[in-house]
Amino acid sequence: MFEPGDVVRFHSANAGKVKFHLCLGENTGNVTYLFLNINSKTGFAGDCVLEDGKIPGLPKSKTGCTVVSISKVIRRNSEKLSLLGAVKTGKIDKELVGELLAFANTTKVLSDIDRPLVLDSLEAMLS
């Protein structure tokens, strides 16, 4: 359905609107996909702030920046993603993966459960 590095748009129940997400891939051993939120506003310790336009498949933001929130992994299965209208809109390149990995290695906000998922997924995208 989706591959690591895909930019995917689907409805977010938490935000109450359609949002963009970065796919980290499938969780080993099941059909749950792992995602990071992509926002246009920053303000949290786990926010990796990028220039607008750095991630393909996103509309231009009002703030002039794009933020990958590396603080919490979103988990959705294929059935739920279909119900949420999930659509691939782009794919990030290896240069950006390297930037996100460098940031993820320094952030202190990832839980002990999510940290290895994020780091391992980003490292795998580089190989």
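This report covers the fold, the nonpolar cores, one helix and the salt bridges of a predicted model.

**Overall fold**

The protein chain holds three helices and six strands. Along the sequence they run β-β-β-β-β-α-β-α-α. The C-alpha atoms fill a box of roughly 35 × 30 × 25 Å along the principal axes. The radius of gyration is 13 Å, which agrees with the value near 14 Å for a compact globule of 127 residues. Of those 127 residues, 43% count as buried. Contacts often reach far along the chain: among those between residues at least 6 apart in sequence, 59% join residues at least 24 apart.

**Two nonpolar cores**

Nonpolar side chains tend to be buried together in soluble globular proteins. Here the largest nonpolar core has 25 residues. Ile 70, Leu 100, Val 118 and Leu 122 have the most contacts inside this core. Strands S2 (17-26), S3 (32-39), S4 and S5 each supply at least two of its residues, as do helices H2 and H3. H2 gives the most, with six residues.

Which residues does Leu 100 contact, leaving aside its neighbours within four places in sequence? They are Leu 22, Cys 48, Val 68, Ile 70, Ile 92 and Leu 122. Two of these partners, Ile 70 and Leu 122, are themselves among the residues with the most contacts inside the core.

A second, separate core has 10 residues. Val 8, Cys 23, Ile 74 and Leu 81 are among them. Ile 74 lies in strand S5. Its relative accessibility is 9%, so Ile 74 counts as buried. Not counting residues up to four places away in sequence, Ile 74 touches Tyr 33, Leu 34, Phe 35 and Asn 37. Lys 60 is 14 residues from Ile 74 along the chain, and their C-alpha atoms are separated by 23 Å.

**Helix H3**

H3 has 13 residues. At 1.5 Å a residue, they should span 18 Å; the end C-alpha atoms are 19 Å apart, which agrees. Six residues are named as buried in H3: Asp 114, Val 118, Leu 119, Ser 121, Leu 122 and Met 125. How are these buried residues placed around the axis of H3? Seen down that axis, they fall within an arc of 165 degrees, so they line one face of the helix. An α-helix has 3.6 residues a turn, so residues three or four places apart point the same way. The buried residues of H3 pack against S2, S3, S5 and H2. Two of them, Val 118 and Leu 122, are also listed among the best-connected residues of the largest core.

**Salt bridges**

The model has five salt bridges. Three of them are set out here, with the distance between nitrogen and oxygen.

| Basic residue | Acidic residue | N to O distance |
|---|---|---|
| Lys 91 | Asp 6 | 3.2 Å |
| Lys 54 | Glu 99 | 2.7 Å |
| Arg 75 | Asp 114 | 2.6 Å |

Lys 91 forms its salt bridge with Asp 6. This pair links distant parts of the chain: Lys 91 is in strand S6 (residues 87-91) and Asp 6 in strand S1 (residues 6-12), 85 residues apart. Lys 91 counts as partly exposed because its relative accessibility is 34%. Asp 6 is buried, with a relative accessible area of 2%. Both residues also belong to a network of salt bridges that links Glu 3, Asp 6, Lys 88 and Lys 91.

Lys 54 and Glu 99 meet through their side chains. Lys 54 lies in the loop between strand S4 (47-51) and strand S5 (65-77), and Glu 99 lies in helix H2 (residues 94-106), so the pair ties together parts that are 45 residues apart in sequence. Both ends are partly exposed: Lys 54 has a relative accessible area of 33%, and Glu 99 has 30%.

Arg 75 pairs with Asp 114. Arg 75 is in strand S5 and Asp 114 in helix H3 (residues 114-126), 39 residues apart. Is each partner buried or partly exposed? Arg 75 is partly exposed, at 33% relative accessible area. Asp 114 counts as buried, because its relative accessibility is 7%.

Notes
Residues are numbered from 1 along each chain as its sequence is written. This is a predicted model: local features need pLDDT of at least 70, side-chain atom pairs count only at pLDDT 80 or more; totals for chains, interfaces and linings use all residues. Side-chain values use heavy atoms; hydrogens and water are left out. A salt bridge is a side-chain nitrogen of Lys or Arg within 4 Å of a carboxyl oxygen of Asp or Glu. Helices (H or I, at least four residues) and strands (E, at least two) are DSSP runs, numbered from the N terminus. Buried means under 20% relative accessible area, exposed over 50%, partly exposed in between (1.4 Å probe, protein chains only). A nonpolar core is a set of buried Ala, Val, Leu, Ile, Met, Phe, Trp, Tyr and Cys residues joined through side-chain atoms within 4.5 Å. Contact means heavy atoms within 4.5 Å. The expected span of a helix is 1.5 Å times one less than its number of residues. The arc is that of the directions from the helix axis to the C-beta atoms. The radius of gyration is taken over C-alpha atoms; the globule rule is 2.2 Å times the number of residues to the power 0.38.
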